[in-house]
Amino acid sequence: MKICIVGAGISGLATAKAILDKNPETEIIIFESSDRVGGKVWTEKTEGGYLCEGGVNGFLDKIPQTLDLCQQAGITALPAEHAAKKRFVYSRGALHKLPEKPWEFFTSDLLTVPGRLRVMYEIFAGGTNNPDESLQEFATRRLGREAFERLIDPMASGVFAGDAEKLSLRSCFPRIHQVEAEYGSLIRGLLKLQSKARSQGSSKQPGPGPGGTLTSFADGMSALTDALASQLGPRIRTATAIQSISRAANRYLIQTNDGSEHECDTLILASPAYTQARMLEDLDSDLASLLMGIPYPPLAVCCFGYQQRHVGKVLDGFGYLVPSTEKRAVLGTLIDSNLFPGRAPQGAVLLRSMIGGARRPELALLPDQQLISQLQTDLRDILGLKADPDFIRIFGHEKAIPQYVVGHAGRLTQIEEKLQAHPGLILTGNAFKGVSLNDCVVNAGKIAAALPL
Ligand SMILES: Cc1cc2nc3c(=O)[nH]c(=O)nc-3n(C[C@H](O)[C@H](O)[C@H](O)COP(=O)(O)OP(=O)(O)OC[C@H]3O[C@@H](n4cnc5c(N)ncnc54)[C@H](O)[C@@H]3O)c2cc1C
């Protein structure tokens with residue numbers, strides 16, 4: 001069987017690796033339009049000694065498949081410093097530490113006392129007949145308006161750079177949707193799951209957050225995709241974009257930008273959904289328009305390096321997220337040099353701010369100087385940084401993170417129905433069933449397991 005994979009981001013690379021693990025004799029070619037592999041995994045080292053992540057910052061170490069993949073790739077996973085557990089939300093002109101343990105919630109000043117009481121009322125909050133609620137509808141119904149604005153809305157920015165009024169709870173956070181369906185309340189569900197874990201003697205207690213430790217590598221996230229690429233070797237063709245796809249005699253025929261054509265029995269598209277749409281337009285225009293309907297708002301990531309002697313200790317912890325009610329330009333800022341060693345030269349700190357996303361896409365597309373000026377205003381107001389940075393690097397993502405908006409689950413069903421007419425065509429990548437790197441790795445294993453190799 002000959003397999004072609006389109007896209008050498010983590011989805012394409014991990015899928016190729018999983019297929020070869022199952023059957024090392026499989027013939028695979030991976031086409032990548034860019035001249036580098038990794039896609040949204042994009043680490044850059046500067047001559048001045050900064051290590052910047054232009055895209056993916058890390059992954060949570062709770063999924064064994066990703067840790068196995070690192071081991072097979074021969075690279076050592078690096079858990080973030082303990083400081084990464086300390087996360088902040090900027091609200092009403094000040095930074096508030098997010099509770100690390102459930103009981104800290106009662107003493108945290110992020111929510112007012114009535115806001116905290118409303119969260120506790122969650123146990124009695126009513127259900128819904130709406131099978132596909134937005135994150136905002138869900139959170140307001142269960143936890144109240146204040147918790148939505150100060151906790152859930154910034155979380156939607158942090159994970160999806162998304163708009164909580166549009167994102168679908170069941171598609172973005174299926175586990176939370178499931179807990180409500182099973183236990184009728186998130187608090188009741190959490191207590192039951194914790195007691196179950198205790199009775200099974202598990203050392204890991206489920207908490208309100210996603211769980212797991214943020215993890216990367218000493219050389220940044222590209223260490224993983226580069227290591228996978230070197231194992232896959234000449235199977236990868238970089239700077240080769242797939243333009244269109246047709247079918248003849250039960251095989252797929254793919255045309256590249258250099259005018260060459262390739263035939264295969266199984267075709268795995270692991271590029272962003274809007275690029276899959278363009279490739280599939282001639283083969284199935286209905287399928288293409290379903291794929292085109294998955295929104296990808298722009299996002300810019302801006303790294304700022306400061307001399308510590310100019311700014312002092314910036315903030316002890318991971319960084320902060322900013323609720324949309326604060327009306328700031330920045331979505332959030334991570335203090336990368338607090339998270340992993342070697343991110344900034346001696347005596348310097350590295351910050352990483354995000355701007356744009358679904359709520360204010362136009363900000364990500366501003367000319368560099370305006371974008372920097374907006375972010376520096378926020379750094380001055382939020383962190384009190386008055387000095388100028390001695391290093392700035394902007395990574396623009398014209399189309400960044402796919403948005404699982406209300407209706408996403410229905411769209412996936414329609415896509416799956418359309419795929420019935422195209423045996424051997426597989427669509428993957430982070431546009432469908434999970435946006436995180438962990439999700440991409442898990443999906444890669446599922447694809448390989450389902451293929452008759
Ligand atoms: C700024 C940012 C920060 C993020 N941070 C995190 C994080 O910290 N943790 C996390 O888990 N997830 C994070 N994510 C989500 C992340 O995108 C996914 O986890 C994952 O990297 C997506 O991988 P992918 O392979 O599915 O897609 P991509 O990384 O987008 O890879 C798709 C590849 O397809 C190629 N391609 C496109 N068109 C063609 C064509 N016509 N022919 C051939 N090749 C083509 C592209 O060049 C690209 O290399 C972040 C995303 C962004 C944008």
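Helix H1 (10–22), helix H10 (273–280), strand E15 (299–307) and helix H17 (437–450) each contribute at least two residues to the shell around the ligand. The model is a predicted one.

**The ligand and its shell**

In total, 34 residues surround the ligand. Ser-11, Glu-32, Lys-40, Gly-58 and Leu-437 are the closest of these. Sorted by class, the shell holds 16 nonpolar residues, 16 polar residues and 2 charged residues. Domain 1 (2–41 + 222–295 + 403–450) and domain 3 (297–397) each provide at least three residues of the shell.

Which parts of the protein lie opposite oxygen atoms of the ligand, and at what distance? The table lists three such pairs, two with side chains and one with the backbone.

| Residue | Protein partner of a ligand oxygen atom | Distance |
|---|---|---|
| Ser-11 | N or O atom in the side chain | 2.7 Å |
| Glu-32 | N or O atom in the side chain | 2.6 Å |
| Asn-57 | polar backbone atom | 2.9 Å |

Taken alone, the ligand exposes 990 Å². Of that area, 88% is buried by the protein.

**Domains**

The chain is divided into domain 1 (2–41 + 222–295 + 403–450), domain 2 (111–199) and domain 3 (297–397). Between the centres of domain 2 and domain 3, taken over C-alpha atoms, the separation is 29 Å.

How many residues are in contact between domain 2 and domain 3? On the side of domain 2 there are 12, and they are in contact with 10 residues of domain 3. The size of an interface is often given as the accessible area lost when the parts come together. For domain 2 and domain 3 the buried area is about 820 Å². Carbon and sulfur atoms give 58% of it.

How values were computed
Residues are numbered from 1 along each chain as its sequence is written. This is a predicted model: local features need pLDDT of at least 70, side-chain atom pairs count only at pLDDT 80 or more; totals for chains, interfaces and linings use all residues. Side-chain values use heavy atoms; hydrogens and water are left out. A residue is near a molecule or strand if one of its heavy atoms lies within 4 Å of it. A polar contact is a pair of N or O atoms within 3.5 Å; within protein, one must be able to donate a hydrogen and the other to accept it, and residues adjacent in sequence count only if both atoms are side-chain atoms. Accessible areas come from the Shrake-Rupley method with a 1.4 Å probe; for residues, only the protein chains shown count as cover. Helices (H or I, at least four residues) and strands (E, at least two) are DSSP runs, numbered from the N terminus. Ala, Val, Leu, Ile, Met, Phe, Trp, Tyr, Cys and Pro count as nonpolar, Asp, Glu, Lys and Arg as charged, and the others, Gly among them, as polar. Domain bounds come from an automatic or database domain assignment. Contact means heavy atoms within 4.5 Å. Buried area is the accessible area (1.4 Å probe) that two parts lose on being put together, summed over both.
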